[in-house]
Amino acid sequence: DEDRIQRACQRLLKEEGCEVHMADDGVKGLAMLDEHHFDIILLDLMMPGISGLDVLPQVKTRHPDTVVIVVTGYATIEHSIEAMKKGAFDFIPKPFTPDQLRAVVEKSLQYTNALQDIAESKSRLRVMVNRLSEGVLTTDSNKLIVQANRAFLHMMGYHGEDVIGRNVSSVIDNEELLGAINETLTMTPETFAELTSEISIAHEDGEKYYSSRCSPFRSKSGSNIGTITVLHDITAVKKMDQMKSDFVSMVSHEIRSPMNSLLMQLKIIMDGLAGEVTEKQLEILERASGKILNLNNLVTELLDLSRIESGLIGHEKEMVNMEQLLADQQKFHTPYGKENNISINLEITEPLPPILANHQNIEEIFANLITNAIKY
């Protein structure tokens, strides 16, 4: 509110390349704030009408990124602390020299430029993340959303209001993904792991499949301060896998019928029903029959694989008596073992508890193990 100081500051700051506006009281200054944004404000604490300490919080409310330098002839510690608490960047006591004013304004300009650089970097990063085809979600340690790009929100089927600051459960409805975020947040500083999984989410145009990767975001001290989750759409890959399985299944079916028919024809010839067969011919036919049988087994395995991938094979579980199952396997394979001069013994040192499993699958496992042992 002192005209002499106003004019001196204006002249000096214009020489430094600044555009300067002046108001000789707080009411006029606040009115100017309604029409313009100022990078730096020199604010006198003691003014007529309304004090600088009362103006300061209103400035920070309207323009939080404006740098406020407090000018006061009452540069006590108490005044300085109170001004800093209300958002002042620095203060300069009256009387001050031109060099002191230049120094504090220069420091303020550096701070303002740094803020602008940070804001521009954040803006560029936000634009870049939003343009990614992968879904990206970052949270803080309380599972509040820090950033979620458009791709992620689309993958989640979310079309509501802004999600920043909201809990992830308000956007994510997939328990597996929520579980991965929870597990990531509980990782100890000594542990760093990327949790990967495959999730499916129902959409209006059908079910979509995504591969998810969830990692902890660590501070310099190593503590968890949040999570980063990335989703990649693998629906097309899953569909191609399904097409491959369908193709294998179709081809296997088409091959199996003529092979079975061929095996039957060979059996008729080998049994002599189509005429006498010499020993050499029988040997050749047996080798051919064996090769066709191996090929038939391969087709069976391909069909089983195709059914498993399609989810058509059920794995119903029951309590399986392992002692009885192993005894049956020993009895079944003993004749084959004797043909190869191999004995099969069953020794159970202590009672085996029943296990919850698919009976047929367990039988196949032991049958394969024993058959391979006899062969090789």
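## Asp44 and strand β1

The backbone nitrogen of Met46 lies 3.5 Å from a polar atom of the Asp44 side chain. This is a predicted model. Asp44 is found in strand β1 and is buried, with a relative accessible area of 11%. Leaving aside residues up to four places away in sequence, Asp44 touches Asp1, Gly52, Val71, Thr72 and Lys94.

## Helix α2

Helix α2 covers residues 26-33, and Gly26, Leu30 and Leu33 are buried in this helix. Seen down the axis of α2, the buried residues fall within an arc of 50 degrees, so they line one face of the helix. Strand β1 (40-44) and helix α3 (52-62) are among the elements that cover these buried residues.

At the start of α2, Asp25 contributes a side-chain oxygen that reaches to within 3.1 Å of the backbone nitrogen of Val27.

## Strand β4 and the loop after it

Thr138 belongs to strand β4, residues 135-140. With a relative accessible area of 17%, Thr138 is buried because the cut-off for buried is under 20%. Residues up to four places away in sequence aside, Thr138 touches Leu144, Ile145, Val146, Gln147, Thr227 and Ile228.

Ser141 sits in the loop between β4 and β5 (145-148). Its relative accessible area is 40%, and Ser141 is partly exposed. Ser141 touches Leu185, Asn224, Ile225 and Gly226, again not counting residues up to four places away in sequence. For one of these residues, Ile225, the C-alpha to C-alpha distance from Ser141 is 4.8 Å, although the two are 84 residues apart in sequence.

## Salt bridges between parts of the chain

A search of the whole structure finds eleven salt bridges. One of them joins the side chains of Arg62 and Asp34, at 2.8 Å from N to O. This pair links distant parts of the chain, 28 residues apart: Arg62 is in helix α3, and Asp34 is in the loop between α2 and β1. Arg62 counts as partly exposed at 35% relative accessibility, while Asp34 counts as exposed at 57%.

Arg213 forms a salt bridge with Glu194, and the closest N and O atoms of the pair are 3.7 Å apart. Arg213 lies in strand β7 (residues 206-218) and Glu194 in the loop between α7 (175-185) and β6 (195-203), so this salt bridge ties together parts that are 19 residues apart in sequence. Arg213 is partly exposed, with a relative accessible area of 35%. Glu194 is also partly exposed, with a value of 43%.

## Helix α9

Helix α9 spans residues 279-310 and includes Leu305. At 44% relative accessibility, Leu305 counts as partly exposed. Leu305 forms a nonpolar patch on the surface with Leu295, Leu298 and Leu302, and together the four have about 320 Å² of accessible area.

A salt bridge is also found in this helix, where the side chains of Arg287 and Glu283 meet at 2.9 Å, N to O. Both residues lie in α9, four residues apart, which is about one turn of the helix. Arg287 counts as partly exposed at 48% relative accessibility, and Glu283 counts as partly exposed at 38%.

## A salt-bridge network

Glu16, Asp99 and Arg102 are joined into one network by salt bridges that share partners.

Methods: Residues numbered from 1 in each chain as written. Predicted model: local features only at pLDDT ≥ 70, side-chain atom pairs only at ≥ 80, totals over all residues. Heavy atoms only, no water. Helix = DSSP H or I, 4+ residues; strand = E, 2+ residues; numbered from the N terminus. Buried < 20%, exposed > 50% of the residue type's maximum accessible area, 1.4 Å probe, protein only. Contact = heavy atoms within 4.5 Å. Arc of directions from axis to C-beta. Polar contact = N/O pair within 3.5 Å; in protein donor to acceptor, adjacent residues only side chain to side chain. Patch = residues over 30% accessible without salt bridge, like charges linked within 9 Å, V, L, I, M, F, W, Y side chains within 5 Å. Areas by Shrake-Rupley, 256 points an atom, 1.4 Å probe, with all protein chains shown as cover.
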